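Trainee: I should like to go through this structure by question and answer, with the reasoning set out at each step.

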Amino acid sequence: MTNAALIDPFAEIERLRAEIEQLRLRAETAEAAADHDVLTPTLNRRGFVAAMKGAMAFSQRHETPAVLLYLDLDGFKGVNDRLGHAAGDAALVHVAGLMKANLRESDAVGRLGGDEFGLLMLNAGLDEGREKARRLATALEAEPFVWEGEEAGLGGSFGVRAYAGHTDPEVWLAEADAAMWVRKKGR
């Protein structure tokens with residue numbers, strides 16, 4: 001009798017099912033990691049753009065408003081230069097947490113790169129976006145970043161852009177980024 005004849009076919013099927021389930025869970029974990037920032041509790045740029053595409057399709061189909069906020073941190077370079085890169089990383093985590101704590105569950109937050117964040121709000125227009133930007137700027141001032149007992153002031157410049165039938169999320173991001181730069185230079 002060969003070894004193949006000794007294998008219980010039902011046990012082998014169960015082993016294969018367990019292996020498939022393990023592989024499925026690993027694939028789900030890898031897919032989720034591909035859309036999330038490795039440092040902060042936010043989406044990465046890829047995940048944020050995907051959220052934008054979904055919001056754009058929803059807004060288009062249901063004729064509902066959406067607004068995009070683009071945040072560039074003010075004072076971040078000083079944190080890195082004065083307190084070191086570990087402090088800079090911790091500052092980004094602090095800001096991301098602050099953003100998430102001050103948004104609705106249905107909103108999306110993404111770290112777009114460096115010290116820039118995107119905030120996407122469905123069922124909200126330009127006025128709500130501007131008000132949210134004001135509140136978030138106030139929250140940044142009210143809850144300063146502290147590293148090893150030293151307070152490091154971080155502010156933010158926000159660009160706010162309402163959804164206007166955009167078909168390309170990169171164009172919408174570029175418009176919000178440009179609005180942020182106008183605001184930053186106006187200070």
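Mentor: Helices here are DSSP runs of H or I with at least four residues, strands are runs of E with at least two, and both are numbered from the N terminus. Please bear in mind that the model is predicted.

Trainee: Where does D168 lie, and is D168 buried or exposed, or in between?
Mentor: D168 is placed in the loop between strand 6 and helix 7. The C-alpha atoms of D168 and L6 are 59 Å apart, with these positions 162 residues apart along the chain. Because the relative accessible area of D168 is 34%, the class is partly exposed.

Trainee: Which residues of helix 7 are buried, and what arc do they cover around the axis?
Mentor: Helix 7 runs over residues 169-185, and its buried residues are P169, W172, L173, A176, M180 and K184. These lie on the same side of helix 7, because the arc that they cover around the axis is only 115°.

Trainee: Which exposed residues does the opposite face of helix 7 carry?
Mentor: The buried side of helix 7 is covered by elements that include helix 3, strand 1, strand 2, strand 3 and strand 6. Turned away from that side, the other face carries the exposed residues V182 and K185.

Trainee: How is D177 of helix 7 classed by accessibility?
Mentor: D177 belongs to helix 7, and its C-alpha atom is 16 Å from that of K132, a residue 45 places away along the chain. Because the relative accessibility of D177 is 22%, above the 20% limit for burial, D177 counts as partly exposed.

Trainee: What span should helix 6 have, and what is the distance between its end C-alpha atoms?
Mentor: Helix 6 comprises 17 residues, 126-142. At 1.5 Å a residue the expected span is 24 Å, which agrees with the distance between the end C-alpha atoms, 24 Å.

Trainee: Why do the buried residues of helix 6 line one face, and which elements do they pack against?
Mentor: The buried residues are G129, K132, A133, L136, A139 and L140. Seen down the axis they fall within an arc of 125°, so they line one face of helix 6. The face turned away carries the exposed residues D127, R135, E141 and A142. The buried residues pack against strand 1, helix 5, strand 3 and strand 6.

Trainee: Which element gives the most residues to the largest nonpolar core?
Mentor: This core has 29 residues, and L69, L73, V79, V95, M99 and L119 touch the most other members. Strand 1, helix 4, helix 5, strand 3, helix 6 and strand 6 each supply at least two of its residues. The element that gives the most, with seven residues, is helix 5.

Trainee: Which residues of helix 6 does L69 touch?
Mentor: Beyond four places in sequence, the contacts of L69 include F117, G118, L119 and M121, as well as F158, G159 and V160. The list also includes four residues that are buried in helix 6. These are G129, K132, A133 and L136.

Trainee: At what angle do the axes of helix 4 and helix 5 cross?
Mentor: The contact involves F76, V79, N80 and L83 of helix 4 with H85, A87, G88, A91 and L92 of helix 5. Six of these residues are nonpolar, three are polar and none is charged. The two axes come within 6 Å and cross at roughly 145°.

Trainee: Is N80 buried or exposed, and which residues does N80 contact outside its sequence neighbours?
Mentor: N80 lies in helix 4 and is buried, with a relative accessible area of 15%. Leaving aside neighbours within four places in sequence, the contacts of N80 are H85 and G88.

Trainee: What is the phi of E63, and what is that of E148?
Mentor: E63 is in the loop between helix 3 and strand 1, and E148 is in the loop between strand 4 and strand 5. E63 is exposed at a relative accessible area of 73%, and E148 is likewise exposed at 73%. Most residues other than glycine have a negative phi. E63, however, has a positive phi near 50°, and E148 has a positive phi of about 50°.

Definitions and conventions:
Residues are numbered from 1 along each chain as its sequence is written. This is a predicted model: local features need pLDDT of at least 70, side-chain atom pairs count only at pLDDT 80 or more; totals for chains, interfaces and linings use all residues. Side-chain values use heavy atoms; hydrogens and water are left out. Axes are lines fitted to C-alpha atoms, for helices over the stretch in contact, and angles run from 0 to 180 degrees between N-to-C directions. Contact means heavy atoms within 4.5 Å. Ala, Val, Leu, Ile, Met, Phe, Trp, Tyr, Cys and Pro count as nonpolar, Asp, Glu, Lys and Arg as charged, and the others, Gly among them, as polar. The expected span of a helix is 1.5 Å times one less than its number of residues. Buried means under 20% relative accessible area, exposed over 50%, partly exposed in between (1.4 Å probe, protein chains only). The arc is that of the directions from the helix axis to the C-beta atoms. A nonpolar core is a set of buried Ala, Val, Leu, Ile, Met, Phe, Trp, Tyr and Cys residues joined through side-chain atoms within 4.5 Å.
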